[in-house]
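Work through the exercises below with the model open. Try each task before reading its solution.

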Amino acid sequence: MAHFTYSASDVKELKNLKKRLARNGIYLGSQDARVLTDTLIPSLHEFLVRAATNPKKQNKESPEEEKKVDAMTYGFNLIKFAFVNFMKALAAEEQPVVFFVDDLQWADDASLQVIKNLLTDKSLQYVMFVGAFRSNEVQENFKTIKEQILDSFETTLPPLKHEMEISNLSPDSVGEFIANCIQRSVDDIASITQAVYSKTLGNIFFVRQGLEELVRKNVIYYDVVMFEWQFGDVTRVQLEECMCDDVVEMVQSKLETLPPILQTALAAAAYTQNSFSPKLLSDLLESLDLKVTVPNMEKILKRASQEGLILPEISFVKQSRLSFVRQSRFKFAHDRIREAACSSIDVGRKRDTFLFKISQKLLVIEPQQEWMLFAAAHHLNAIPTTMTDSIQVAELNLKVGKVAVLKGSFSDAVHFFRSGVGRLNPQTSWLNNYQLSLDLYNDLVECEHTLGHQENTLDAVQVIFKHAKTLPEKLRAQYIYVYSKCGGNNQYKESVLAGLEMLALYGIQIPEEPSDKEVKREKFNLRVALRCRSMMCFCKFPIATDIMFTGQMRIAQITLRHAVLSKMQNVANLLGYRMLRLALIKKAITKNLPFVILSIAGPSRQEEKYDKAMMFTNAGLGIMDRFPDEKSTDFLLSKIIIYGTLIPLRMSFRDIIEVYLELHKDFMAAGNTDPGLGAGMHAIICFFITSFPLGSLFEPKLILFEEMSANLGKQTFHAIFSLMRQCLYNLQGGLKASSKPTTLDGPVFNEDEIMAKFQGPIKKMNNRDIATMRLFLAVIFDETEIMDELLDRLDEYPVYDGPLPRQHLRMSYTGFAALILCLQSDKHKKWADTSLQFFEKLSRFGSPNAQPIYACMKALSKPSVKEFDKVIELVGNLGMLNMTGLMNERCGLWLMEQSKRNNDDIGQHVEYLKCAIWCYHDWGATAKVEKLKERFTFLRTAIQEKTPLGLSTVRLQNAMLGIPRSVALSTVSSNELPY
């Protein structure tokens with residue numbers, strides 16, 4: 001990026017790139033810009049200073065006043081997502097990008113994950129990725145990720161992947177190469193060709209080194225009299241004896257011909273990063289008691305460059321937030337040359353001393369760079385313990401391991417933490433270096449757990465349990481112990497029992513199977529402890545500083561969560577009441593307390609005790625407001641629960657969508673993909689519930705979530721988002737729609753194929769979601785037979801569902817379908833009554849989401865023009881286009897039925913059906929519009945009859961969304977506009 005910025009001369013090209021960066025959220029002051037400049041692309045910030053900032057989010061602070069953010073504070077997922085956004089901005093149809101990465105066989109886990117995240121993002125266009133690696137040197141982690149990437153392309157984009165295996169040169173090609181180099185015929189140099197090929201097997205780099213070795217040993221020499229290359233009458237065997245068996249030895253023999261100072265400089269460079277500067281080597285040689293000025297070092301390195309050992313390169317080094325300086329740097333021409341330079345220092349005491357001195361210098365060089373810490377730690381770990389201060393090395397491993405964690409390289413972090421542990425004396429470390437031992441093991445436990453190393457995790461946990469002196473010092477290990485007991489098979493009960501075991505150590509005794517009487521007693525004790533105060537009293541308590549109390553709350557949260565998931569409701573209730581009572585005793589709150597409160601509020605909502613549920617909800621919200629900047633996983637889980645299951649009782653789905661989208665971003669940045677995608681699912685369901693126009697703003701959001709689910713391997717979420725998108729296409733009609741509007745056999749989602757992929761509870765859950773969305777379509781398209789079939793299919797599912805948006809959608813259309821069918825028979829009267837009662841209670845409670853649905857159901861249950869007019873006005877004023885269309889249609893159909901019964905035709909139904917088709921048109925349900933035209937001939941010109949004033953429903957909708965009229969009109973294609 002730095003090279004592009006400084007060399008590009010096309011002003012228009014730069015201007016277009018700046019606009020694309022801003023559109024992708026990379027502008028001065030944005031989160032993605034800070035992440036990229038502080039981690040992957042330092043020079044990008046200077047480029048953005050000269051770029052136009054995002055017009056919507058103008059940063060009021062000058063660049064100098066921006067808060068300095070340490071690169072290590074960023075979560076790894078933030079880095080991955082920011083880099084994908086950057087590549088999307090960089091690549092365009094008029095400016096495609098070729099992204100080449102060499103030597104992938106040495107890439108660490110974090111780098112491979114960044115590449116995988118980039119390549120499996122299906123929304124990325126105009127990018128060609130070329131990755132080169134040596135198939136005989138790849139690590140297991142690379143093989144796994146390579147297979148995942150190729151599998152992703154195999155299933156979705158077969159034409160876009162191609163593997164090419166590049167073989168070594170053939171004997172004939174080697175002969176032609178040598179003949180060309182020394183200007184002789186192929187036949188003349190046949191013996192040389194055979195000897196070189198037998199040693200190198202056609203590797204072109206090895207061939208060059210072998211040829212150079214023969215020149216150095218005067219086997220091949222340039223005759224200054226004849227002006228041509230000559231070689232003596234030597235046999236193939238003699239030639240082979242003149243050449244080393246290994247290419248590294250060949251390069252070493254070449255290095256031995258160089259000045260000693262250059263040999264030492266190259267050896268020092270070989271133990272640093274991939275590229276190095278003359279200034280760095282000058283500093284390192286100083287630690288070896290060799291004083292070389294930077295200008296002299298540049299001259300020395302030019303000799304190595306002339307010999308083809310190193311290659312020059314130009315880089316831009318960041319001096320401050322706004323300034324970069326050009327710096328000359330070098331890199332080894334080949335990894336075998338670097339390997340030979342490393343080997344030039346004899347193994348043993350000499351190399352150990354060499355590495356020790358270099359490491360000590362790397363640790364004091366200013367400005368300190370992260371790679372220096374990593375290199376120093378690697379070198380010191382390779383040195384015998386007798387030559388180093390074991391405690392200092394262990395502390396360095398701890399520091400570097402923490403950096404690796406924040407970079408997302410957990411496998412490297414485990415290596416450093418284990419190396420740190422290995423430097424300590426197991427017999428005395430817990431006595432003499434207690435805090436260091438505790439920190440190393442705690443960090444090791446968390447990383448092993450993250451990598452899924454169950455046995456290693458539990459082994460390290462047991463070491464902490466054995467040696468840690470106090471319970472607070474065991475808290476981190478206890479939390480991981482409880483969490484790890486869940487295992488990969490979601491054994492939530494085992495985790496709950498482990499949590500109860502840990503809490504018992506703190507005097508919090510909870511039986512494994514508490515009786516209802518015990519739960520009621522604990523509830524009574526909480527009421528006594530409250531002393532007639534409301535739950536809002538918690539909001540006034542100070543934030544806890546007691547480590548033991550905060551740790552207990554954290555263990556209680558994970559135990560409560562798994563108790564709810566394992567349906568151990570009495571354990572959850574008893575534990576929740578007990579922890580609230582403990583908070584009252586401590587008169588303090590923690591970031592985990594909202595989850596405890598909400599775990600009690602959930603059952604109250606399930607029992608339809610909404611006032612009580614909201615009492616707990618308000619208390620939870622009040623406590624969460626005390627932690628405005630908290631982004632931890634525990635806290636975000638509380639937030640998604642409160643906004644997914646309780647807040648919609650009193651807050652409009654229309655207003656809550658933005659919250660779900662923000663939660664989605666926060667969870668994905670924290671690496672918690674399941675709740676992150678769950679938040680996205682809630683947002684999409686709310687789009688359908690609130691009748692947002694089915695225009696160009698909706699489809700990209702669905703595709704984004706669908707591709708994200710596929711990239712992350714989340715099949716269940718991928719099925720849900722593709723289901724929603726297929727329903728959208730069925731409403732819109734066209735080539736992507738299913739064969740029938742109420743079936744799901746389209747190009748995006750095929751019900752039979754999807755259901756065949758799942759088994760057990762997941763299949764049952766998908767069956768519920770598919771039946772709900774098909775019922776939604778059946779009600780819209782007035783398919784009574786499909787309604788009857790799907791109500792039978794949904795009959796086994798309970799009324800209650802955890803996520804309120806999903807329950808609202810299912811109960812709404814279950815009720816509508818049952819009430820429509822009840823006009824013909826009483827088969828589904830149970831669902832009609834249940835839905836009416838459900839929404840009646842919510843309406844009386846004051847739910848803004850339930851009130852319009854209940855009004856619609858009342859009109860369907862006891863139809864009359866007066867009732868329909870009243871509900872049409874209500875949902876119309878709320879901008880609910882689909883509900884307005886549905887109620888107009890039901891009223892028109894009911895009037896037609898009445899006319900048939902009374903044997904009169906006053907034509908009143910025509911106006912209602914015209915209003916219905918106008919609303920469906922404004923909503924974007926083109927397929928429904930066409931079906932109404934086909935069913936009723938008098939509606940075929942209805943759209944043309946619509947006056948501009950008839951668009952008031954759309955304008956009202958856009959006004960509620962805050963969309964300017966010009967933007968709103970731009971989302972509707974010209975052939976959709978009725979004027």
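The exercises that follow concern a predicted model.

**Exercise 1. Place Lys914 and decide whether it is buried or exposed.**

Step 1. Find the element. Lys914 sits in helix α44, residues 908-923.
Step 2. Apply the cut-off. Buried means under 20% relative accessible area. Lys914 has 13% relative accessibility, so it counts as buried.
Step 3. List the contacts beyond four places in sequence. Lys914 touches Phe938, Leu939, Ala942 and Glu945.

**Exercise 2. Describe the surroundings of Arg654.**

Step 1. Locate the residue. Arg654 belongs to helix α32, which covers residues 653-670.
Step 2. Check the accessibility. The relative accessible area is 15%, so Arg654 is buried.
Step 3. Follow the side chain. It reaches the backbone oxygen of Leu878 at 2.9 Å.
Step 4. Compare sequence and space. Arg654 and Asn849 are 195 residues apart in sequence, yet their C-alpha atoms are 9.1 Å apart.

**Exercise 3. Compare the span of helix α31 with the expected value, then find how many of its residues are buried.**

Step 1. Take the length. Helix α31 runs over residues 633-646 and has 14 residues.
Step 2. Take the span. From first to last C-alpha, α31 reaches 19 Å, close to the 20 Å expected at 1.5 Å a residue.
Step 3. Count the burial. In α31, 11 of the 14 residues are buried, so the helix is largely enclosed by the rest of the structure.
Step 4. Name some of them. The buried residues of α31 include Asp634, Phe635, Ile640, Tyr643 and Leu646.

**Exercise 4. Which residues touch the most other members of the largest nonpolar core?**

Step 1. Recall the trend. In soluble globular proteins, nonpolar side chains tend to be buried together.
Step 2. Identify the residues. The largest nonpolar core has 196 residues, and Phe538, Leu593, Leu731 and Phe816 touch the most other members.
Step 3. Inspect one of them. Beyond four places in sequence, the residues touched by Leu731 include Phe688, Leu694, Phe776, Ile780 and Trp923.
Step 4. Look for another core. A second, separate core has 71 residues, among them Ala179, Val219, Val251 and Met387.

**Exercise 5. How do strands β3 and β4 run, and how many bridges join them?**

Step 1. Set the direction. β3 (residues 220-223) and β4 (residues 228-231) run antiparallel, joined by 4 bridges.
Step 2. Pick a pair. Tyr221 has Gln230 in β4 as its bridge partner.
Step 3. Examine the turn. The two strands form a hairpin with 4 residues between them, and Phe227 in the turn has a positive phi of about 60 degrees.

Definitions and conventions: Residues numbered from 1 in each chain as written. Predicted model: local features only at pLDDT ≥ 70, side-chain atom pairs only at ≥ 80, totals over all residues. Heavy atoms only, no water. Buried < 20%, exposed > 50% of the residue type's maximum accessible area, 1.4 Å probe, protein only. Contact = heavy atoms within 4.5 Å. Polar contact = N/O pair within 3.5 Å; in protein donor to acceptor, adjacent residues only side chain to side chain. Expected span 1.5 Å × (residues − 1). Core = buried A, V, L, I, M, F, W, Y, C linked by side-chain atoms within 4.5 Å. Pairing = 2+ DSSP bridges.
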